[in-house]
Each structure stands twice: as structure tokens, then as C-alpha cells.
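Here's a quick briefing to read alongside the model. Have the viewer open, and click through the residues as they come up.

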Amino acid sequence: MSEAINQAKLAMGLTSPNPPVGAVIVSDQNKIIGTGHTQAYGKNHAEIEAIKSSSGNIQNSTLYTTLEPCNIEINTPACTKEIIKNKIKHVIIGSTDPNPKINGRGIKILEDKGITTEIFKYNETLESTLESYKYFVKYHKPFITVKYAMSLDGKIASNTGDSKWISSKKSREYVHHIRSNSDAILTGVNTIIYDNPQLNVRLSNYQKKHQPKKIILDTNGRVPSDSKSLDSNCILITSKLDNKLKNKLHSKGVTIEYIPTGKNKKIDLRYLPEVLIKYNLINIFVEAGSTLPGELLYNNLVNKIILFISPKIIGESKFVPFGSKGINKMKNSYKPKKIINSSIEDDILIKAWL
């Protein structure tokens, strides 16, 4: 199952709105003879890929899969059909599929054909590969994660806006791994103006062939046309854009989406989920300054926070996490449902689910 989870990680960021699933086939001689992971939307699921890659006779073999095999046939063959056809005798499943069209039905179809099944014990890493998919199935909304790196005294930049670098090198490398597992990286125009980030994955041993989409929120069309992040993999979401800038963006291949402004004269974030879903983007990673994460939080659009606390003291600075507005009473503060603490080098890493 550990190898199946590794396969699932390779699928993360590639498959949405389908789940990123990994599968492994073990022969009756107890040897791995096939591995696979879900391909891009509309292409083979993990179980099919594992069967196709098999190097030996898979009759009477055991299939390990991180998610219940599907029993529906839309763009690809039903996984249960292929498992039955290839006479696999036992299937070990990491998690049942919450999709009501599949939930329990895939297991029943297999067992009705004499294929035994069992559910693997709960595994935190396995569940992390499926959390955005499960949330999307339940609520039909994207799963949004906000990342921050801050000092011991709660600052995300100096008073001049300098933030390179608060966190350690290994923490920043870990962030690139999170990027690689995301469908999209979301940021605001101020981050583009002041930091001019590339918003891509830069890992020396990067195994995936794709890069996450880049989403820029820019209410009034202020993005500099020479920004590093502007290319055919970028979506600019705006409320107002002059024709000159629009033409420049189109020449770079940038996709433009329009959202109306709200009462605060900024992009009305209530419309953001439907735009993201339009492009099959359900696992969103936010890297921005104070304002955008704060607005997302206060619009109840943040599902998870990844926070790096570095052993540095900055002192006076206006740059703090989740700015733009706040609560007046402590009883109204946001309380995570779950927290996991760990460390990377000298940094404290906190994961919090809201």
C-alpha cells in the first residue's frame, strides 16, 4: 500500500476532478508485477494502468488501490470490469469512494463475482492524497490551502516588505512539493507586482510532466504585462481590464476570466469557486501576502493552513497573516478542527484544518 500511495502522489495535480489514485498488483508469488496511477482527466484510471504495466500473469493476483475501484464507464472502462476480466482474486482498498454512484457499489460488484475485498486501515498520508477530491464530492467546491511563513513575532515580512527568506531552504523545498501536488497556485496582483514570482515547481528531481495552473486575482487590471508568471498556463481573474493590457495578455496565451466586484470594490470571492471548477481546479494552493488570504478566510473559503514559523524576530512591521480585517471578540475567532505539528530544520511546521 505504501507503493500505491507513492503512485497516488504522482497523480496529484494531474487528474482533477477525478481523484488521484495509485495501484499496485502483487502476484501469487508475492512479487510486485504492476504499478500505475490515474492519468489526466478522461484517460486511464490507476487500476487500468497497473494492469497494462503488468510484467507477468496477473491471474490470482492481489490488487492494492488507494481508492475503491469505479463501477461506471464514461470516458474510460469501469475498473471493476477490468479487474474481473483479468481474474484478479483479491483487492485491498485504501478508502471507499464517496461518489454516490460508486460508494460501496464497486466493492459489491467485485464480491458478487467472487473477488474478495478488504479495506486497509486508516492511513494519514493516503487520506491526504484524497482530501481535495472528497471535499469536492461532498460540497462541490474547491479545497483551498493557504501557506504562510512567519517569524517568531508573527510577521510575514519586514516593514519594507522584504520576506526573502523567512523560512529555511528545506521548508521552501517542501513548499515546491506541495505546489507539485496542487491543481493551481493562487495569488493576488500585489504579490505579482512586488515579488514577480514564477509560481511554478522548481525541483531538481521533479518527476511530473505538468506544472500547476497559475491563478492571479487582479480586480482592476494592474498586472505588469512583463510579469514572469504570465503565459499560457496562467488564468487572470479580473473585474476590469483595458483593451491594451487585454491584448498583451492574449498574446502571451493568458486566459482571462471576469468576476464582478463586491461591496468592498474588490473581486467578489463568492464567484471564485465556480470559476475554478470550470477549469477542473479543485486542489488550490494559495501563496500571497496579507490581504488575499484574509479575504478568503472571512469568506469561509479556506480549508487548510500550512504555517512555517521560523526562529527569527522582525519587530515592527505591518505585514501579518490574514490581514484586511479581523474579529472583535476572541469568542468569534477561527478555531481549527484538527492540528498537526512537526518541524523542518529549525522551522516549526503547523498544519491546521478549518
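What follows covers a strand and its neighbours, the nonpolar cores, the aromatic rings and one glutamate. Keep in mind that this is a predicted model.

**Strand β8 and its partners**

- Let's start with β8, which spans residues 213–218 and is mostly covered, with 5 of its 6 residues buried.
- On one side, β8 runs parallel to β7 (residues 184–188), and 5 bridges join the two.
- If you want a spot to check that pairing, look at K213 in β8, which has A184 standing opposite.
- Helix α7 (residues 189–195) joins in here too: β7, α7 and β8 together make a right-handed β-α-β unit.
- β8 also pairs with β9 (residues 234–238), again in the parallel sense and over 5 bridges.
- For that pairing, K214 is a handy marker, since C234 in β9 is its bridge partner.

**Nonpolar cores**

- The largest nonpolar core has 32 residues, and I215 and L217 are among those with the most contacts inside it.
- The rest of that best-connected group is made up of L186, I237, L272, V286 and L296.
- Which elements give two or more residues to this core? They are β6 (143–151), β7, β8, β9, α9 (272–278), β11 (283–287), α10 (291–298) and β12 (304–310).
- Zoom in on I215 and, leaving aside neighbours within four places in sequence, you'll find it in contact with A184, I185, L186 and T187, and also with I235, I237, L276 and L281.
- There's a second, separate core of 26 residues, and I25, I33, L67 and I115 are included in it.

**Aromatic pairs**

- How many aromatic pairs does the structure hold? There are 5.
- One of them is Y135 with F143, an edge-to-face pair at 5.7 Å centre to centre and 80° between the planes.
- Y135 and F143 are both buried.
- Another is Y174 with F308: the ring centres are 6.2 Å apart and the planes sit at 75°, so this pair is edge-to-face.
- Y174 belongs to helix α6 (residues 169–180) and F308 to strand β12, so their pairing ties together parts that are 134 residues apart in sequence.
- Are these two rings buried or exposed? Y174 is partly exposed, with a relative accessible area of 24%, whereas F308 is buried, at 1%.
- Back at Y135 and F143, ring pairs link both of them with Y139 into a cluster.

**Charges over rings**

- The charged end of K164 sits over the ring of W165, 5.4 Å from the ring centre.
- K338 likewise has its charged end over a ring, this time that of W353, with 4.7 Å to the centre.

**Glutamate E131**

- E131 is part of helix α5 (residues 124–139).
- Why does E131 count as buried? Its relative accessibility is 19%, and the label applies under 20%.
- Leaving out residues up to four places away in sequence, E131 touches F143, K304 and W353.
- Two of those names have come up already: F143 is in the edge-to-face pair with Y135, and W353 has the charged end of K338 over its ring.
- E131 also has a sequence-distant companion to look at in P19: the two are 112 residues apart in sequence and 9.3 Å apart in space, C-alpha to C-alpha.

Methods:
Residues are numbered from 1 along each chain as its sequence is written. This is a predicted model: local features need pLDDT of at least 70, side-chain atom pairs count only at pLDDT 80 or more; totals for chains, interfaces and linings use all residues. Side-chain values use heavy atoms; hydrogens and water are left out. Buried means under 20% relative accessible area, exposed over 50%, partly exposed in between (1.4 Å probe, protein chains only). Helices (H or I, at least four residues) and strands (E, at least two) are DSSP runs, numbered from the N terminus. Two strands pair if DSSP finds at least two bridges between them. A crossover is right-handed if, with the strands pointing away from the viewer, the path from the first strand over the helix to the second runs clockwise. A nonpolar core is a set of buried Ala, Val, Leu, Ile, Met, Phe, Trp, Tyr and Cys residues joined through side-chain atoms within 4.5 Å. Contact means heavy atoms within 4.5 Å. Rings of Phe, Tyr and Trp (its six-membered ring) pair if their centres lie within 6.5 Å; planes under 30 degrees apart count as stacked, over 60 as edge-to-face and the rest as tilted. A charge sits over a ring if NZ of Lys or CZ of Arg is within 6 Å of the ring centre and within 35 degrees of the ring normal.
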